[in-house]
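Work through the exercises below with the structure open. Each task sentence is followed by a solution in steps.

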Amino acid sequence: MIRRRRLAAALPAVLLAACAQPPRAVAPDMVAGRLAVQVDAFNEAPARSFSAAFELQGNAERGHLQLTSPLGTVLARAQWMPGQALLQTSQGESRDASLDALSERMLGEPMPLAALIEWLHGRPWPGAPVQRLADGFEQLGWRIDLSRYGDGVLLAQRSQQPAIGVRARLDQNP
């Protein structure tokens with residue numbers, strides 16, 4: 001009888017342990033979180049903004065990016081490798097020769113995605129000169145604010161017209 005009581009008492013703990021999921025293994029080159037992009041009005045183009053959850057894995061040479069709406073709908077998937085970049089959206093599939101061309105198609109404004117990949121890891125892109133600042137750095141005409149990077153927040157701003165602001169809230173600090 002005592003044995004049955006102990007078994008009955010231990011059963012909920014065993015069931016909970018069986019239901020628990022191990023932590024998701026994250027590749028060292030993977031970054032995930034929320035991304036918000038804001039583009040100021042310029043000439044005839046109105047201001048626009050975009051936000052989505054993102055998962056990015058890879059580097060400037062080879063990788064993939066997925067953007068997801070707050071409701072969990074996949075908005076876009078992008079893959080790139082040397083000489084080609086592929087974008088899949090609800091409107092279909094398109095191919096570009098470079099990551100830069102893909103970024104303009106995907107975001108509506110040319111953005112240095114190769115550099116952004118490195119910036120999301122809290123470091124300058126090695127493909128361009130960098131100017132160090134007390135709270136981050138400047139590169140390719142963008143100011144990268146790392147003052148809250150330890151809290152998982154990265155801010156990138158381009159003052160050239162149209163001005164663009166990018167805010168990334170990282171799920172975990174890479």
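**Exercise 1: Backbone exceptions in loops**

Leu140 sits in the loop between strand S8 (136-139) and S9. The model is predicted. Determine which sign the phi of Leu140 has, and whether Asn43 is buried or exposed.

Solution.
- Step 1. Leu140 is not a glycine, yet its phi is positive, at about 55 degrees.
- Step 2. The relative accessible area of Leu140 is 41%. Partly exposed covers the range between 20% and 50%, so Leu140 is partly exposed.
- Step 3. Asn43, in the loop between strand S1 (30-39) and S2, also is not a glycine and has a positive phi of about 50 degrees.
- Step 4. For Asn43 the relative accessible area is 68%. The limit for exposed is over 50%, so Asn43 is exposed.
- Step 5. A further backbone feature is the cis peptide bond from Gln161 to Pro162, with omega near -10 degrees. Pro162 belongs to the loop between strand S10 (153-158) and strand S11 (164-170).

**Exercise 2: Two hairpins**

Describe how S3 pairs with S2 and with S4.

Solution.
- Step 1. Strand S2 (residues 48-58) runs antiparallel to strand S3 (residues 63-68), with 6 bridges between them. In this pairing Ala53 is opposite Thr68.
- Step 2. The connection from S2 to S3 is a hairpin through 4 residues.
- Step 3. S3 is also antiparallel to strand S4 (residues 74-81), again over 6 bridges. Here Leu65 faces Ala78.
- Step 4. The hairpin of S3 and S4 has 5 residues between the strands, and Gly72 in this hairpin has a positive phi near 95 degrees.

**Exercise 3: The core and an aromatic pair**

Find which residues have the most contacts inside the largest nonpolar core, and classify the pair formed by the rings of Trp119 and Trp142.

Solution.
- Step 1. The largest nonpolar core holds 35 residues, and Phe54, Trp119 and Leu120 have the most contacts inside it.
- Step 2. Helix H3 (residues 113-120) contributes the most to this core, namely 7 residues.
- Step 3. Ring pairs are counted when the centres lie within 6.5 Å. The count comes to 1 aromatic pair.
- Step 4. The ring centres of Trp119 and Trp142 are 5.9 Å apart and the planes stand at 50 degrees. Stacked requires under 30 degrees and edge-to-face over 60, so this pair is tilted.
- Step 5. Trp119 is in helix H3 and Trp142 in strand S9 (residues 142-145), so the pair links distant parts of the chain, 23 residues apart.
- Step 6. Both Trp119 and Trp142 are buried.

Key. Residues numbered from 1 in each chain as written. Predicted model: local features only at pLDDT ≥ 70, side-chain atom pairs only at ≥ 80, totals over all residues. Heavy atoms only, no water. Pairing = 2+ DSSP bridges. Helix = DSSP H or I, 4+ residues; strand = E, 2+ residues; numbered from the N terminus. Core = buried A, V, L, I, M, F, W, Y, C linked by side-chain atoms within 4.5 Å. Buried < 20%, exposed > 50% of the residue type's maximum accessible area, 1.4 Å probe, protein only. Phe/Tyr/Trp six-rings, centres within 6.5 Å; stacked < 30°, edge-to-face > 60°.
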